[in-house]
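Biologist: I should like a close look at one part of this model, namely its disulfide bonding. Please set it in the context of the whole chain and give the details in a connected account.

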Amino acid sequence: QVQLVESGGGLVQPGGSLRLSCAASSRILNIYATGWFRQAPGKQRELVATITSVGSTNYADSVKGRFTISRDTSKNTVYLQMNSLKPEDTAIYYCKAGPYSDLRDGYWGQGTQVTVSS
């Protein structure tokens, strides 16, 4: 069983930055793909960014150029650096890890709230 714990969420003004962290309970980053999803109130959960076991990345069009996904395999941790934040980025952000690059199956974290507001 893999456990994922997110941290780093909070309240930030438009244009600001946050870095989310996702710590895994075991050494899975060299085996599993990991990624970030988000769910805003009243909306479906959507994929934000993914990173494969070999380090290839993919982003939703809405965050390209603003968000960066990265990982530190020595710390079993995946990060999401979010810059130039907009109010529409407000959501609960979830980490997921799984054996497929599209993360169609896998383990979820509990989520961390990100609120972008002045």
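Modeller: Of the 118 residues in the protein chain, buried residues make up 43%. This is a predicted model, and the values that follow are computed from it.

The overall frame comes before the detail. The protein chain has zero helices and 11 strands, so that reading from the N terminus gives β-β-β-β-β-β-β-β-β-β-β. Its radius of gyration is 13 Å, which agrees with the value near 13 Å that a compact globule of 118 residues would have. Along the principal axes, the C-alpha trace spans about 40 × 25 × 25 Å. Contacts between residues at least 6 apart in sequence include 55% that join residues at least 24 apart. The accessible surface amounts to about 6,200 Å², and 45% of it belongs to carbon and sulfur atoms. As for charge, the mean positions of the 12 positive and 8 negative charges lie 3 Å apart.

Within this frame, the count of disulfides comes to one. The bond joins Cys 22 to Cys 95, with an S to S distance of 2.0 Å. That pair links distant parts of the chain: Cys 22 belongs to strand 3 (residues 18-24) and Cys 95 to strand 9 (residues 91-98), with their positions 73 residues apart in sequence. A disulfide is a covalent bond between the sulfur atoms of two cysteines. The torsion about the S-S bond of Cys 22 and Cys 95 is about -80 degrees, and the disulfide is therefore left-handed.

Are the two cysteines buried or exposed? Cys 22 has a relative accessible area of 2%, so this residue is buried. Cys 95 also counts as buried, because its relative accessibility is 0%. The cut-off behind both assignments is under 20% relative accessible area.

The surroundings of Cys 22 can be listed once its neighbours within four places in sequence are left aside. Cys 22 is then in contact with Leu 4, Val 5, Glu 6, Trp 36, Asn 76, Thr 77, Val 78 and its disulfide partner, Cys 95. A further distance helps to place Cys 22: Thr 34 is 12 residues away in sequence, and the C-alpha atoms of the two are 9.3 Å apart.

One of the contacts of Cys 22, Asn 76, deserves attention for its backbone. The phi of Asn 76 is near 55 degrees, a positive value in a residue other than glycine. Asn 76 sits in the loop between strand 7 (67-72) and strand 8 (77-82). With a relative accessible area of 13%, Asn 76 is buried.

Ser 84 provides a second case of such a backbone angle, with a positive phi of about 50 degrees although it is not a glycine. Ser 84 is located in the loop between strand 8 and strand 9; strand 9 is the strand that holds Cys 95. Ser 84 has a relative accessible area of 40% and is therefore partly exposed.

Gly 10 may be added as another point of reference. Gly 10 lies in strand 2 (residues 10-12) and counts as partly exposed, at 25% relative accessibility. Beyond its neighbours within four places in sequence, Gly 10 is in contact with Leu 18, Gln 113, Val 114 and Thr 115. The C-alpha atoms of Gly 10 and Leu 20 are 9.6 Å apart, with a separation of 10 residues in sequence.

Notes: Residues are numbered from 1 along each chain as its sequence is written. This is a predicted model: local features need pLDDT of at least 70, side-chain atom pairs count only at pLDDT 80 or more; totals for chains, interfaces and linings use all residues. Side-chain values use heavy atoms; hydrogens and water are left out. Helices (H or I, at least four residues) and strands (E, at least two) are DSSP runs, numbered from the N terminus. The radius of gyration is taken over C-alpha atoms; the globule rule is 2.2 Å times the number of residues to the power 0.38. Buried means under 20% relative accessible area, exposed over 50%, partly exposed in between (1.4 Å probe, protein chains only). Contact means heavy atoms within 4.5 Å. Accessible areas come from the Shrake-Rupley method with a 1.4 Å probe; for residues, only the protein chains shown count as cover. Lys and Arg count as positive and Asp and Glu as negative; His and the chain ends are not counted. The place of a charge is taken as NZ of Lys, CZ of Arg, CG of Asp or CD of Glu. A disulfide is a pair of cysteine sulfur atoms within 2.5 Å.
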